[in-house]
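Trainee: I would like a close look at a single part of this structure, taken slowly, with the surroundings brought in afterwards where they help.

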Amino acid sequence: MIEGYSGDETKGSNQDPKEKSITDNTLEQVVFHKITGMDDIEKKMDIDSHSKLIKILTGIEDTQQKDVDFMQRMFEDRRKFFDKYGIEKPENIITEKGDLDAYYNYIIDFAKKKDIQVETMDKAKIPFDTFGFTPDAFFHKGIIYIADVKDSLVRKYFLGSSILHEVIHALQEKSGEKMSPEEEEYEAYMVANLVEEKAFLEMQSPEISSDRTLFAKRLNEIMLDKIIGSSLFVYRNRGTKQEDIPFYK
Ligand SMILES: [Zn+2]
């Protein structure tokens, strides 16, 4: 349930913001370190936990084909999850020259129609200590809190998807469906963040765009790190021991 747009998230780390790119994993790393407190565990478990998580989420085995198969599955699942929750995709709402606030308005409206309370909040008052950084939106006790951002470009490219991510968590809670933290985060990140992360990656690393396997591997890593970071946050809050976390077993 942790998300924010990179580039403005300097409060939680000591890094020079100029050194940060829009897709780097700093936020997830910060969260991860805050949770485990151990850098070496991260390095050792990275590849292993990614493969385990892919198997848990999709049943895809750890073979040479795994990366391409999982990337393809992510896009298929994205479509399924939009249908499951009856939400319009951003690409159907945002038109090339249209209103920049279109999706931001749509998703807030959608939440209200589903009886989900949405509150705007001064970004400075969002408790970044609790999350390790300042999120743009977070879901707490049935309410989605969103940063009071007026900039329409930020609303279009970041805030709309942050709210969408939290709307998925709110709908999951309402549905009462039994899901693990990693399953919940998988749905939320596929719906809200997959397409934008793919676009950022293409922009940032055009040289790998033509290599399907390499591109898949990199995009998968980005998405899996996000799912792991957010899931660990939930597990930690529940007091779950590391050996009881499915993708670390
Ligand atoms: Zn989440």
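In which loop, and between which strands, is the place of lysine 141?

Mentor: A word of care before the details: what we have here is a predicted model. In this model, lysine 141 has its place in the loop between strand E2, residues 137-140, and strand E3, residues 143-147. The backbone there deserves attention, since lysine 141 has a positive phi of about 45° although it is not a glycine. As background, most residues other than glycine have a negative phi. The setting is a hairpin, formed by E2 and E3 with 2 residues between the strands, and it is within this hairpin that lysine 141 takes its positive phi. As to its environment, lysine 141 has 6 C-beta neighbours inside 10 Å and therefore counts as exposed, the limit for that class being 12 or fewer.

The two strands that flank the loop run antiparallel and are joined by 4 bridges. Histidine 140 stands opposite isoleucine 143 in E3, and phenylalanine 139 has isoleucine 144 in E3 as its bridge partner. Strand E3 itself is largely enclosed by the rest of the structure, because 4 of its 5 residues are buried. E3 also pairs with E1, here in the parallel sense and over 5 bridges, and one pair in that ladder is glutamate 119 with its bridge partner in E3, tyrosine 145.

Taken together, the strands make an open sheet of 3 strands in the order E1-E3-E2, with mixed pairing. E1 and E2 are the edge strands, each of them pairing on one side only, and the twist from one strand to the next averages 25°.

A second residue invites the same kind of inspection as lysine 141. Aspartate 115, likewise not a glycine, has a positive phi of about 60°, and it is found in the loop between helix H5, residues 102-113, and strand E1, residues 117-121. Aspartate 115 has 9 other C-beta atoms within 10 Å, which is why it is classed as exposed.

To set the sheet in its wider context, it is worth turning to the helices. Alanine 188, found in helix H8, residues 181-204, is buried, with 25 other C-beta atoms within 10 Å. When residues up to four places away in sequence are left out, alanine 188 touches His165, Ile168 and His169. Alanine 188 and isoleucine 227 lie 39 residues apart in sequence, yet their C-alpha atoms are 9.0 Å apart in space. Phenylalanine 233, whose place is in helix H9, counts as buried because it has 21 C-beta neighbours inside 10 Å. The C-alpha atom of phenylalanine 233 is separated by 9.2 Å from that of proline 181, although the two residues are 52 apart along the chain.

Helix H9, residues 212-238, also meets helix H3, residues 66-85: their axes come within 8 Å and cross at roughly 60°. The two helices are therefore oblique to each other, and their crossing is left-handed. On the H3 side the contact involves Asp67, Val68, Phe70, Met71 and Met74, and on the H9 side Arg212, Thr213, Ala216, Lys217, Leu219, Asn220 and Met223. By class, this contact has 7 nonpolar, 2 polar and 3 charged residues.

To return to the part you asked about, lysine 141 combines a positive phi of about 45° with an exposed position, having 6 C-beta neighbours inside 10 Å, while strand E3, which borders its loop, has 4 of its 5 residues buried.

Key:
Residues are numbered from 1 along each chain as its sequence is written. This is a predicted model: local features need pLDDT of at least 70, side-chain atom pairs count only at pLDDT 80 or more; totals for chains, interfaces and linings use all residues. Axes are lines fitted to C-alpha atoms, for helices over the stretch in contact, and angles run from 0 to 180 degrees between N-to-C directions. Angles under 35 degrees count as roughly parallel, over 145 as roughly antiparallel, 65 to 115 as roughly perpendicular and the rest as oblique. A crossing is left-handed if the near helix is turned anticlockwise from the far one by less than a right angle, and right-handed if clockwise. Two residues are in contact if their C-beta atoms, placed from the backbone, lie within 7 Å. Ala, Val, Leu, Ile, Met, Phe, Trp, Tyr, Cys and Pro count as nonpolar, Asp, Glu, Lys and Arg as charged, and the others, Gly among them, as polar. A residue is buried if 20 or more other C-beta atoms lie within 10 Å of its own, exposed if 12 or fewer, and partly exposed in between; C-beta atoms are placed from the backbone. Two strands pair if DSSP finds at least two bridges between them.
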